[in-house]
Amino acid sequence: MNGRLVEAKRARVPALDRGLLHGDGLYETWRTYGGEPFAVDAHLRRLAAAARRLALPVPGDAALWVRRSRLLVRRNRLPDAAVRLTITRGDTGEAIVPERRAPPTVLLLVRPLPVDLARRQRDGIRAVVLPFPRDASATWGGLKLLGHASAVAGRMLAARRRADEGLYVTPAGDGTEGTTSNVFAVFGRTIVTPPLDAGILAGVTRAMVLALARRARLRVREARLPARSLARADELFLTASTVEILPVVRLDGRRVRGGVPGPVTRALQARYAHAVARAQKAIVRKTA
């Protein structure tokens with residue numbers, strides 16, 4: 001926290017921190033594999049672009065956060081983990097307009113991955129269609145803002161329905177993304193995912209998966225994805241940095257493709273794992 005190692009239970013932020021009072025801040029989350037952070041460059045580029053839009057301090061280069069991530073996972077003995085970087089405007093007063101200048105609050109956290117992640121990647125998960133959209137307009141939808149009212153409500157609703165994830169739907173009836181994931185539907189050998197101008201997050205894993213699919217000569221379309229079409233998809237899967245690629249095998253209680261992950265999803269999981277392994281080998285060679 002602010003450059004110092006501290007136990008999470010001892011970390012404190014001021015009562016007038018803008019992140020607490022107004023959600024005035026941003027965050028990014030990435031994964032580590034065997035103690036090595038993955039795709040930090042891409043995450044920091046997205047965070048820096050968002051910080052410039054909100055006139056927040058740019059968090060420094062990726063190399064700094066790679067070093068700090070390595071230190072944090074080593075100290076916590078979590079070689080395979082999720083790492084979250086949060087930046088707020090700091091203690092600048094309670095008014096909407098900052099009343100004074102103050103150092104930002106900069107927090108780097110590490111947490112374990114879900115204990116059942118491998119099973120969920122293998123067997124698939126359950127999802128539900130939510131009766132509301134994400135609480136961010138298209139203007140702000142591409143930013144990882146601290147406020148998460150729709151995500152909290154959506155994930156709680158999904159849990160009550162015994163599902164793992166909830167998928168947002170716009171008033172026009174379009175599926176957009178999950179509470180913490182990007183959404184892909186497979187129709188034959190065509191993969192469809194909502195476009196960025198739908199106000200979705202430009203996921204780092206989403207971009208990787210699109211590139212992998214194109215290299216595999218799969219047809220890829222970034223287009224509207226009406227919620228009603230999700231039930232007709234041959235395959236559904238979700239992407240996010242911490243969970244990679246998760247097959248959806250039940251949607252609103254109904255089976256997707258007989259309740260088992262499909263071949264396109266499986267092929268992309270294998271290609272993604274290969275890309276991660278290749279990147280990690282390159283890091284090992286570089287540091288040897």
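**Close-ups of a predicted model**

**View 1. Arginine 120 sits in a helix.** We start with helix α4, residues 117–123, which is where arginine 120 is found. Keep in mind that this is a predicted model. Arginine 120 has a relative accessibility of 13%, so this residue counts as buried, the cut-off being under 20%. Who are its neighbours? Leaving aside residues up to four places away in sequence, arginine 120 touches Pro114, Ile125, Asp164, Leu246 and Pro247.

**View 2. Helix α2 has the length you'd expect.** Helix α2 covers residues 40–53, which makes 14 residues. At 1.5 Å a residue they should span 20 Å, and the C-alpha atoms at the two ends are indeed 20 Å apart, so expectation and model agree. Just after α2 comes alanine 55, with a positive phi near 55°.

**View 3. The buried residues of α2 and what they pack against.** Look along α2 for Val40, His43, Leu44, Arg46, Leu47, Ala48, Ala50 and Ala51: these are its buried residues. In an α-helix there are 3.6 residues a turn, so residues three or four places apart point the same way. The buried residues of α2 pack against three strands, β1 (25–33), β2 (36–37) and β3 (81–88), along with the helices α3 (62–75) and α6 (204–215).

**View 4. Three leucines make a nonpolar surface patch.** Leu16, Leu20 and Leu21 together form this patch, which comes to about 250 Å². One of them, leucine 21, belongs to helix α1, residues 18–22. With a relative accessible area of 36%, leucine 21 is partly exposed.

Conventions
Residues numbered from 1 in each chain as written. Predicted model: local features only at pLDDT ≥ 70, side-chain atom pairs only at ≥ 80, totals over all residues. Heavy atoms only, no water. Helix = DSSP H or I, 4+ residues; strand = E, 2+ residues; numbered from the N terminus. Expected span 1.5 Å × (residues − 1). Buried < 20%, exposed > 50% of the residue type's maximum accessible area, 1.4 Å probe, protein only. Contact = heavy atoms within 4.5 Å. Patch = residues over 30% accessible without salt bridge, like charges linked within 9 Å, V, L, I, M, F, W, Y side chains within 5 Å. Areas by Shrake-Rupley, 256 points an atom, 1.4 Å probe, with all protein chains shown as cover. Salt bridge = Lys/Arg side-chain N within 4 Å of Asp/Glu carboxyl O.
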